[in-house]
Amino acid sequence: MPRTIAEHADAVAALLREGLSHRSVESLPVDAALIAAASDRHLGRVLAADVRAPIALPPFDNSQMDGFAVRSAELGDAGATLPVGPMIVAGAGILDLPPGTAMPIMTGAPIPRGADAVVQVERAVPAVFPAEGGAVTLPGGIVAGTFIRSAGSDAREGDLLLQGGTRLGPAQWGVLAAAGVASVEVHRRRSVLVVSTGLELAPPGEPLAPGRIHDANSASLGASLAGLGLEVAVETLRSDEPAELLALLRAREFDLLITSGGVSAGAHEVVRLALEPLGVEFLSVTMQPGGPQGLGLADLGRGPVPVVALPGNPVSVLVSFEAFLRPALRETAGLRRTRRDAERLPLAEALDSPAGKHQLRRALVHGGAVHMIGGPSSHLLGHYALADALAHVPVGVERMEAGEPIEIWRIDD
Ligand code: AMP
Ligand code: MG
């Protein structure tokens, strides 16, 4: 019995949950120089536990403007002319505001004890900072709290700063630094080995002998996986010999194996011949492209590791990644949102699809409508590279008319 996309997606997610469950954590320093120097070690990492604010943010009441710290009541409704004390700069300690005076204060400087508002310098007459001992005329009607950034207004001490499962991007590293957190626990990155198989494969850059093609899948899979924060190694096996594949796999260490090619019904299905005897299951999914799939745990000399065996056609590889691996790997990474958002938009032109298959067609969205790019065939990688959406034509649907809403996933990221 062939499986539906949803059933196979569940099976891949269950396999990775089981096979990668030994989730270990590591500690990363919140260190700007290291973040900048080794951004892939820091960017996109996923927090293993909640982080609470060790201090309030901001840590003290401070000025939101360059202006004058005052007691708002002393300005009344009419305003007042007040003698001016010393200037308070950002970085100064906490001073006292003597009654009946105003103190020039810079943005970020601590509000002096006794003050309850800041009047911007632009509203002073004249609109300049007089020297200490001078006087300033300020307007009335100032409400207490004006232009004061109060302590804890961003986060109070002990508040949840970042939830476990949060992906650490620039703003998250920034707030950890702001709160003075020295290090955080993150999930260890998974190591993935990608092996593209096929006697016909040659690396890009090598002139093609007759009958040969360049290996596209190592590049597209490598890019897909690296974007999920995994440690990725790629290998091209330029052979369809099962023994050579097994020798390569036994020489490597990895948490997860993803292969391309050699899984269907041909005479030289290298991945199937090598891994079926080790317990990897090969089956058919009612998806087009991407029908033949393999998955399972296999012991390649270091205990059982999860194996996801993808078909060889380059569009099948990318579509399989989107349908199965992306959500499962995002879940394994501890991310909260695992699925792409689905949108429904009108189809620009009619299309036909085999009733027994869930087609994932490549499309471009423009003018609010979904335009197909190229046909449904699995070798049309050039068309995929031009697309910004995958359009779903579910099992049971043989024809869709122009204007009918069609479900899409945006793939323009
Ligand atoms: P296979 O599943 O090995 O029979 O491959 C199916 C089709 O995909 C064949 O036309 C292969 O030449 C092609 N193919 C397999 N691997 C790759 C690859 N790494 N890059 C580009 N095309 C590939
Ligand atoms: Mg092959």
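The second largest pocket in this predicted model is lined by 13 residues, and A223, S224, E322, R340 and D413 are the ones nearest its centre. Its volume comes to about 320 Å³. The largest pocket, at about 400 Å³, is where ligand 1 sits. There's also one cavity of 30 Å³ or more in the whole structure, plus a few backbone spots worth a look.

**Second largest pocket**

- Two elements give two or more residues to the lining of the second largest pocket: α6, spanning 217-226, and α9, spanning 314-332.
- Of the elements, α9 gives the most to this lining, with four residues.
- By residue class, the lining of the second largest pocket splits into six nonpolar, three polar and four charged residues.

**Largest pocket**

- The largest pocket has 26 lining residues, and those nearest its centre are T197, E200, G261, G312 and N313.
- β14 and β16 are the elements that give two or more residues to the lining of the largest pocket.
- As for chemistry, the lining of the largest pocket comprises nine nonpolar, 13 polar and four charged residues.

**Ligand 1 and its shell**

- Ligand 1 is found in the largest pocket.
- Strands β14 (191-197) and β16 (213-214) are the elements that supply two or more residues to the shell around ligand 1.
- There are 14 residues around ligand 1, and E200, D215, A216, G262 and G312 come nearest.
- Sorted by class, the shell around ligand 1 holds four nonpolar, eight polar and two charged residues.
- E200 and G312 turn up in both short lists: they are among the residues that come nearest ligand 1, and they also lie nearest the centre of the largest pocket.

**Polar contacts of ligand 1**

- On the nitrogen side, one pairing has a ligand 1 nitrogen atom 2.8 Å from a side-chain N or O atom of D215.
- N217 also brings in its side chain, with an N or O atom 3.3 Å from a nitrogen atom of ligand 1.
- For N313 the backbone does the job: a backbone N or O atom lies 3.2 Å from an oxygen atom of ligand 1.
- Taken alone, ligand 1 exposes 480 Å², and the protein buries 75% of that area.
- N313 also belongs to the set of residues nearest the centre of the largest pocket.

**The cavity**

- Searching the whole structure turns up one cavity of 30 Å³ or more.
- The largest cavity has a volume of about 180 Å³.
- Its lining is made of 16 residues, and R188, R189, L228, G229 and A333 lie nearest the centre of the cavity.
- The elements giving two or more residues to the lining of the largest cavity are β2 (45-46) and α9.
- So far as residue types go, the lining of the largest cavity has six nonpolar, four polar and six charged residues.
- Helix α9 therefore shows up twice if you go by elements that give two or more residues (DSSP runs, numbered from the N terminus): in the lining of the second largest pocket and in that of the largest cavity.

**Backbone spots to check**

- L57 and P58 are joined by a cis peptide bond, with omega at about -15 degrees.
- P58 has its place in the loop between β3 (51-52) and β4 (62-63).
- The peptide bond from Q288 to P289 is cis as well, and its omega is near -5 degrees.
- You'll find P289 in the loop between β20 (287-288) and β21 (292-299).
- F147 has a positive phi, near 55 degrees, despite being a residue other than glycine.
- F147 lies in the loop between β9 (135-138) and β10 (148-149).

Notes. Residues are numbered from 1 along each chain as its sequence is written. Chains are lettered from A and ligands numbered from 1 in the order in which they are written. This is a predicted model: local features need pLDDT of at least 70, side-chain atom pairs count only at pLDDT 80 or more; totals for chains, interfaces and linings use all residues. Side-chain values use heavy atoms; hydrogens and water are left out. A residue is near a molecule or strand if one of its heavy atoms lies within 4 Å of it. A polar contact is a pair of N or O atoms within 3.5 Å; within protein, one must be able to donate a hydrogen and the other to accept it, and residues adjacent in sequence count only if both atoms are side-chain atoms. Accessible areas come from the Shrake-Rupley method with a 1.4 Å probe; for residues, only the protein chains shown count as cover. On a 1 Å grid over the protein atoms alone, a cavity is a set of points where a 1.4 Å probe fits but cannot get out, and a pocket is an open set with protein on both sides within 12 Å along at least five of seven lines; lining residues have an atom within 4 Å of a point. A molecule sits in a cavity or pocket if more than half of its atoms lie within 2 Å of its grid points. Ala, Val, Leu, Ile, Met, Phe, Trp, Tyr, Cys and Pro count as nonpolar, Asp, Glu, Lys and Arg as charged, and the others, Gly among them, as polar. Grid points are joined across faces, edges and corners, and a volume is the space filled by probe spheres set on the points.
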